Amino acid sequence: MEGPQIDSNGDIDLSHHLSDEARNRVANPLKVHPTVWQTVISLSYILVRYSQTNALPGDPHHSLYPFRQIMYEVPSVQDAPDPECALSIRDAFPYSRAAGLKQCRDVLTDFTKLMFDPPNHHVTLTLGNSDGITKVFRLFGKKGDYFLTDEFSFPSMTNSPLAYGVKWVGVKMDSGGIIPEELERVLVKWDEVKSGRRPHVLYIIPVGQNPTGSTLSVDRRKKIYAIAQAWDLIIMEDDPYYFLQYDTPQTNCASTDPDEFIKNFRSTLIPTFLSMDVDGRVLRIDTFSKVLAPGMRLGWITSNKLFHLKLADYTDSSTQPPHAFGQMFVTEMLSEHGWKLEGFCRWLESLRLDYQSRRDFLLDVFKREVESTGYASVNCPEAGMFVWIEVFFERHPRFTNTEELLKELFERLMNTQGVVFIPSSTFAIPENALWVESDGHVPLSDVIILCLTPQQRTRFLRATFGGTEDIIEKGMIRLGQGLREFFQN
């Protein structure tokens, strides 16, 4: 028997004990870069606490949390009666079933029915969107499968199923999000003999898509749902930014009739895939992270009964149900003792107006500080927290390879300007032999000499307008300065 192997640090190498899944797990590219996080931390108490996060995690600013203080009272050993509330401590804190406490599921079921009116669907609580999404991936994916998603997607999520053998096929996007005809093209041209079974899961962020900020129109949603029916697809509707929709008819906040206010508020929101779902093929994933606070780590999945039961079984043997503190808070907030559903809708209305103001401010400052350089443009998102900045690399004196120039620009902005704008290559689903060629498609790794096109995949930066106006302005000023230096020196 051979002696133990020693690694480069002089420690015994025990890596041979790792499972294939652990070996194959990919680090989150938004968190693994030490220089990025060192920059964020070192500047967090100086000038630009959020100018980096204009591009990094997309955290809602703490000024938008709907609470300022949380109090806990530790009782004496003497029993005391519970105060009147929707979910008492003695009911919330014992062990419970994985789907979540009934009181919390009931209020979220009422809210879901009120907003989306799905036929015959059930609510399963999660520890936020990431927990819900990764569980759904495991529900449907097996080694050798391919899932479908936008050609640019959030790598924290798309990395997850890679570890157990699920791969991705990106579907071409434009400014309106995923293109239905491109989705169908992939399915029509799929060769099951050569590539294995046809993809059966579509994962999308349909509102305020991360990273591009695009929002699917009603017409595209109908086409995508029809394609899902024709090709028997499961649709994972990941919708954390759904209630942050902008430029909508303003709800009459003066209305004193709760039902009328809720009805008017709901009418300003785009219909969801869940509201269209007559087959039970949509799993909608919601969260409180963007509308209350990320640290809540509480969300819910709405699905048909079969998937609901399977998700509960999986949770019972893994994470267990979400924490009682969050379930108590949400139950109380939505109950007769708290905001009720009307109050929560009023909060959502005020929140989206605040974010819309921040978006408009960023666009105004961008026009003044960045667009004036002639080196970049920006989209105007209809929802969410992100803008997609296009950089005109063809105007650079060393223009041959946009992938290398994008990497250089990212590092220069970080090192010389102290701001981090995440490059589009971080979000791009890599090509493989199954990528369906179509007009206008340019591969991720592109050396451009004669073929010039505005659609190269490595010419974008993601930014967020989640910070204060002061922070947003400083971030855009630095971006403008950085672009001038990059293109002129």
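**Notebook: a helix pair and a sheet**

I looked first at the crossing of α11 and α15, which is left-handed (the near helix is turned anticlockwise from the far one by less than a right angle). The model is predicted, so I kept in mind that local features need pLDDT of at least 70 and side-chain atom pairs pLDDT 80 or more, while totals for chains, interfaces and linings use all residues. Residues are numbered from 1 along each chain as its sequence is written, and side-chain values use heavy atoms, without hydrogens and water.

I then noted that the axes of α11 (residues 258-267) and α15 (residues 340-369) come within 9 Å and cross at roughly 40°; axes are lines fitted to C-alpha atoms, for helices over the stretch in contact, with angles from 0 to 180 degrees between N-to-C directions. That angle makes α11 oblique to α15, oblique being what is left after under 35 degrees (roughly parallel), over 145 (roughly antiparallel) and 65 to 115 (roughly perpendicular).

I listed the contact (heavy atoms within 4.5 Å): α11 gives Pro-258, Phe-261, Ile-262 and Phe-265, and the residues from α15 include Leu-341, Cys-345 and Arg-352.

I turned next to the open sheet of 7 strands, whose order I recorded as β1-β9-β8-β7-β6-β2-β3, with mixed pairing; two strands pair if DSSP finds at least two bridges between them. Helices (H or I, at least four residues) and strands (E, at least two) are DSSP runs, numbered from the N terminus. At the edges I found β1 (122-126) and β3 (167-171), each pairing on one side only.

Finally, I saw that β2 (residues 146-150) pairs with β3 in the parallel sense over 5 bridges, and that Tyr-146 stands opposite Lys-167 in β3.
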